[in-house]
Amino acid sequence: MFAVVRTGGKQYRVTPGDKIVVEKLDGNAGDRITLGDILLAGDGGSLQSVEGLNVAAEIIAQAKGEKVTVFKKRRRHNYRRKKGHRQQHTILKIVSIGDKKAEQKAKPAKAEAAKPAAAAAEAPAKPAKAEAAKPAKAEKPAKAAETKASTKNAAPAKGADKKPAAKAPAKKK
């Protein structure tokens, strides 16, 4: 389910579990608030009535936005003013829309228990691959040095091939 909510003069499309940054709202981190100004609500492609529908949100943090520099200048009047501004924001997590609540994620403990067993099975294979890769790495710099040396020696020969030989003047009979 989704809803379009208006707060702070802006509109936000939200679903349960979303995190949004809005203009400063009263409250501290951890407080729950209700956003009542709902413009539109729907589920998938169908729209629903917004009468009596509330969006519950939890305040995650009160923060400041990026710094904006305001610089004013008038030419030839020695007038310069420089100011900075940081807008106050509230970060919200949408808990529920109407009676639809955010879905909880599956427990990662089961997935983590399976990962170490699989990693233990792969662990003996990894050092063998690493040992095989080490000699190949040692050979590469030697090849690079050989190619550099061969190009230095071959460069004059290549240049000589490109220039045509000087022709001797033709003899008159």
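**Exercise 1.** Over the ring of which residue does the charged end of Arg13 sit?

*Solution.* Keep in mind that this is a predicted model. Start at Arg13 and follow its side chain to the charged end: you land over the ring of Phe2, 4.3 Å from the ring's centre. Now try Arg74, which lies over the face of Tyr79, with 4.6 Å to the ring centre. Looking for aromatic pairs next? The structure holds zero of them.

**Exercise 2.** Find the residues that touch the most other members of the largest nonpolar core.

*Solution.* This core has 18 residues, and Val14, Val55 and Leu92 are the ones with the most fellow members touched. Then check which strands chip in: β1 (2–7), β2 (10–14), β3 (19–23), β4 (32–35), β5 (38–43), β7 (55–74) and β8 (79–97) each give at least two residues to the core. Zoom in on Val14: skipping neighbours within four places in sequence, its contacts are Met1, Phe2, Ala3, Val5, Ile20, Ile94 and Ile97.

**Exercise 3.** Work out whether Gln62 is buried, partly exposed or exposed, and trace its polar contacts.

*Solution.* First, place Gln62: it belongs to strand β7. Its relative accessible area is 30%. Buried would need under 20% and exposed over 50%, so Gln62 counts as partly exposed.

Next, follow the side chain of Gln62. It reaches the backbone oxygen of Leu25 at 3.1 Å, and one of its polar atoms lies 2.6 Å from the backbone oxygen of Gly27. Leaving out neighbours within four places in sequence, Gln62's contacts also include Lys24, Asp26, His89 and Thr90.

Finally, compare sequence with space: Gln62 and Leu92 are 30 residues apart in sequence, with 9.2 Å between their C-alpha atoms.

Definitions and conventions. Residues numbered from 1 in each chain as written. Predicted model: local features only at pLDDT ≥ 70, side-chain atom pairs only at ≥ 80, totals over all residues. Heavy atoms only, no water. Core = buried A, V, L, I, M, F, W, Y, C linked by side-chain atoms within 4.5 Å. Buried < 20%, exposed > 50% of the residue type's maximum accessible area, 1.4 Å probe, protein only. Helix = DSSP H or I, 4+ residues; strand = E, 2+ residues; numbered from the N terminus. Contact = heavy atoms within 4.5 Å. Polar contact = N/O pair within 3.5 Å; in protein donor to acceptor, adjacent residues only side chain to side chain. Phe/Tyr/Trp six-rings, centres within 6.5 Å; stacked < 30°, edge-to-face > 60°. Lys NZ or Arg CZ within 6 Å of the ring centre and 35° of its normal.
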